[in-house]
Each structure stands twice: as C-alpha cells, then as structure tokens.
Amino acid sequence: MSRPDARPLRRLPTLEARKEVLERCVFCPKLCRTSCPVSNAEPRETLTPWGKMSMAYFVANESVALAPSFAAPAWACTGCFGCREHCDHKNDVTGTLFEARSALVASGEAPAGARAVLDRFEERAGALGKNARELSVLPEVSASANTAVLVGCSYARSLPDEARDAVRATAKLVSSQVSVVEECCGAPLLYAGDTKRFREQGEKLARAIAGKERLVVIDAGCASTIRVHHAAAGVGMIAPVEHFAERAARELGRLDRVEGLGELRYHDPCQLGRGLGVYDQPRAILSRALGRAPAEFDRRREDARCSGAGGLLPVTMPDTSRAIAAARVAEHDGAGGGTVVTACASSLRSFRKQGAQALDLVTVVARALGVSGRG
Ligand code: SF4
Ligand code: SF4
C-alpha cells in the first residue's frame with residue numbers, strides 16, 4: 001500500500017487543493033491541542049484540530065470509510081481560529097474544515113442538522129429580507145442612502161432591540177440616513193457545507209450594495225464571512241466593508257459618557273478578534289462610554305476563549321456548544337462578574353441563555369450617542 005501522503009484525495013477531490021494544509025496537521029505533534037474549545041469541552045482525540053483534519057484527510061484518500069463517524073468531526077468546529085494562534089505554521093484549519101464539509105455534503109455524508117440548514121436556507125434568507133424591511137420604517141432609513149447596513153440574520157430575527165440600536169447608531173455615526181441590506185452574507189451555507197451556493201450568495205450581496213459608498217456590518221460573524229471567507233472564495237465586494245466597532249471607534253469624540261453601566265467585561269468575539277484583528281476599537285469605545293477601561297477576561301484578545309456559538313456548533317453539537325458557553329460565563333463570574341459585552345449576536349444569545357447579564361456593543365454606542373430605543 002502506498003504511503004498516505006502519496007495517495008490522491010480521490011474520494012473528496014475538491015480537497016486536493018488543501019492537501020498540503022491537511023497534511024501539515026496530519027503529521028503534526030498536535031501543538032495546538034489545548035486551544036480548541038470543542039475538544040476542551042468534550043475531550044476526544046478526534047475532536048482536536050489534528051483529529052478533525054486527519055479524519056477529513058483519511059476519508060478523502062480512502063484510508064477510512066465514508067461514514068458518519070468519520071465525517072461528523074468536520075462539523076465539530078466553531079470556526080474560532082483559536083488553533084491558528086497556537087500553530088507555528090498558522091495553518092488554516094477553519095477554512096479547510098469548511099471546504100471538507102462541502103466535499104462531504106457533495107459525497108452524500110453530512111449530519112442531519114447541517115442538511116436541514118442547507119434545505120431551509122432560502123426560507124431563512126427570506127426572513128432576513130422581511131425583518132430588514134420592518135427596520136426600514138425607521139426615520140433613519142432610506143433605500144437611496146449611500147451607507148448600507150447589514151444587520152445580520154440573528155440580530156434581525158432574535159434581537160430586535162439591538163437591531164434597531166445598530167441602525168440608529170450607524171446613521172448617527174455617518175451623519176446621514178442608511179439603507180438596510182435585505183440579502184444574507186451566506187454564512188449558514190458556508191458553515192453547513194455548500195461552498196458553491198455560498199459563493200453565489202456572496203455575489204448576490206455584492207450586487208445588492210452596488211453603488212453604495214460603504215457597507216457597515218453589525219455582526220462580527222457576517223463581517224468575518226465577508227472579509228475573510230468571501231475573499232477566499234473569490235467574491236469581490238463592490239464597496240468598502242467595515243465592522244460597526246471600526247466605524248464607531250473612528251468617531252470616539254462623539255460618544256458621551258453613559259451613566260449606570262456598572263462593571264462591564266469585554267468578550268472578544270472570535271470572528272472580530274482573531275478573524276479580523278479588531279481588538280483595540282471595542283475597548284476604546286467602552287473606555288469612552290465608561291470613563292475608564294472595561295474589565296478583562298484572563299483569556300482575552302488573541303487568546304480569548306470561544307463562546308461555542310459559531311460554525312453551526314449549536315445545531316450539530318448543542319450540548320457541547322452550551323458547555324463551551326457555560327465555561328466562558330464561569331470565567332466571567334470567576335473574574336468578578338458584572339455585565340459581559342460582546343459584538344456578535346450568537347455569543348450574546350449564548351451568554352444570556354447561560355444566565356449571564358450580557359449587552360451588545362451596539363447598545364452601548366447607541367446610548368453613548370443618545371439614540372438607543374431604551375434611553
Ligand atoms: S493547526 Fe498547526 S499545530 Fe494544530 S495540528 Fe495543525 S499543524 Fe499542528
Ligand atoms: S477553529 Fe477553533 S473550533 Fe475549529 S478546530 Fe480550530 S480551535 Fe477548534
């Protein structure tokens with residue numbers, strides 16, 4: 001039998017372009033093993049970054065069967081980029097596992113939860129359009145405005161107060177009306193495993209903002225999807241794309257002190273921090289609103305722990321996702337508690353479900369600008 005590295009990835013041929021990246025993990029002494037929130041919450045060797053990459057590789061080169069137990073580890077990843085920070089090669093585990101999901105779906109092997117997300121995507125995207133149109137009744141919104149705002153499915157559907165704060169605050173920051181984007185960035189397709197439809201959805205979004213001066217993105221997950229994963233998939237954005245925290249940090253002088261916030265501790269969302277390298281701006285915003293620096297987690301910035309809410313983990317491994325969120329909330333409580341502030345809808349919802357007092361950065365900024373729906 002030929003050596004594993006000499007065999008073509010015949011069963012999942014689309015992974016051939018990722019062979020070198022896969023092999024870097026397969027032949028590695030697992031230097032990043034303590035960094036993965038999934039294998040930390042559920043200590044199994046196949047759930048370490050090494051295990052997930054190895055399973056995808058061995059399915060692809062036909063060393064093991066195309067079977068649920070070997071395919072499922074590809075979906076045991078929140079896409080948090082944590083392993084990359086601990087890897088001497090900065091190996092792209094996140095992007096490679098997303099590619100592996102797509103190759104496995106195309107070969108007929110995927111967890112039921114991922115299949116359901118793919119089947120229901122159009123319905124979910126349609127709901128975003130409906131929610132975006134509801135936000136369009138706000139006086140700050142005009143379809144012809146030069147600044148487009150992508151609120152994101154999770155805010156629009158599940159966090160209406162934060163969605164309104166985001167629209168009002170962005171309009172105030174750019175000193176004009178804004179238009180609310182009705183297209184999804186396609187992240188659910190990327191996470192579930194359909195890179196072709198993901199690329200097409202990215203192109204739809206690019207067309208939707210054609211002619212705008214800029215796109216301000218509220219959800220860290222959507223911002224990272226566009227700036228990291230659309231770029232990797234060859235989708236070109238027509239307008240400059242910035243996350244809300246980047247825009248607000250450029251207008252710091254316009255933010256007033258907010259009374260009554262109490263003790264705030266900032267959680268670095270994986271997609272905003274490790275994904276986009278945005279660490280200082282949220283801290284500068286909170287310092288301005290509080291009149292002092294926010295409290296910190298022990299594990300922060302590049303080393304921040306994940307909330308467990310990304311990469312479709314709440315769908316494919318709900319108990320593990322909850323255990324990861326509970327560990328982060330316990331870290332918050334152990335550091336003194338108070339209110340945890342984040343800038344991503346998924347982590348906000350996960351922390352609240354764990355009983356934590358949690359606030360979104362958009363709400364702090366909206367209060368600091370005097371435009372929050374809640375005063
Ligand atoms: S991500 Fe880097 S450190 Fe982790 S298993 Fe792969 S090659 Fe090794
Ligand atoms: S990206 Fe995060 S969840 Fe995925 S394998 Fe790496 S550390 Fe684990």
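**Figure 1. Ligand 1 takes up the space of the largest cavity.** The model shown here is predicted. Eight residues are named around this ligand. Arg24, Cys25, Cys28, Leu31 and Cys32 are among them. Cys87, Asn91 and Val93 also belong to the surroundings of ligand 1. Sorted by class, this shell holds six nonpolar residues, one polar residue and one charged residue.

**Figure 2. Ligand 2 fills the space of the second largest cavity.** Around ligand 2 there are 14 residues. The nearest of them are Cys36, Cys77, Thr78, Cys80 and Cys83. Which helices each supply at least two residues of this shell? They are α3 (49–60), α5 (82–85) and α6 (93–106). By class, the shell around ligand 2 has eight nonpolar, five polar and one charged residues.

**Figure 3. Helix α1 is largely enclosed by the rest of the structure.** The helix spans residues 19–26. Six of its eight residues are buried, so the helix counts as largely enclosed. The buried ones are Lys19, Val21, Leu22, Glu23, Cys25 and Val26. What covers them? The cover includes α3 and α6. Cys25 of this helix is buried, and Cys25 is also one of the residues around ligand 1. Helices α3 and α6 appear again in the shell of ligand 2, where each supplies at least two residues.

**Figure 4. The largest nonpolar core has 111 residues.** Five members touch the most other members: Leu150, Val151, Leu215, Phe244 and Val365. Take Val365 as an example. Leaving aside its neighbours within four places in sequence, Val365 is in contact with Ala169, Leu173, Phe244, Ala248, Leu255 and Ile285. A second, separate core has seven residues. Cys36, Val38, Leu47 and Leu313 are among its members. Cys36 also appears in the view of ligand 2, as one of the residues that come nearest to that ligand.

**Figure 5. His243 lies in strand β4.** This strand covers residues 241–243. Is His243 buried or exposed? His243 has 1% relative accessibility, so it counts as buried; the cut-off for buried is under 20%. Which residues is His243 in contact with, leaving aside its neighbours within four places in sequence? They are Val217, Ile218, Asp219, Ala220, Ala223, Arg227, Leu272 and Ala343.

Key. Residues numbered from 1 in each chain as written. Chains lettered and ligands numbered in written order. Predicted model: local features only at pLDDT ≥ 70, side-chain atom pairs only at ≥ 80, totals over all residues. Heavy atoms only, no water. Near = heavy atom within 4 Å. 1 Å grid on protein atoms, 1.4 Å probe; cavity = no way out; pocket = protein on both sides within 12 Å on 5 of 7 lines; lining within 4 Å. Sits in = over half its atoms within 2 Å of the grid points. Helix = DSSP H or I, 4+ residues; strand = E, 2+ residues; numbered from the N terminus. Nonpolar A, V, L, I, M, F, W, Y, C, P; charged D, E, K, R; others polar. Core = buried A, V, L, I, M, F, W, Y, C linked by side-chain atoms within 4.5 Å. Buried < 20%, exposed > 50% of the residue type's maximum accessible area, 1.4 Å probe, protein only. Contact = heavy atoms within 4.5 Å.
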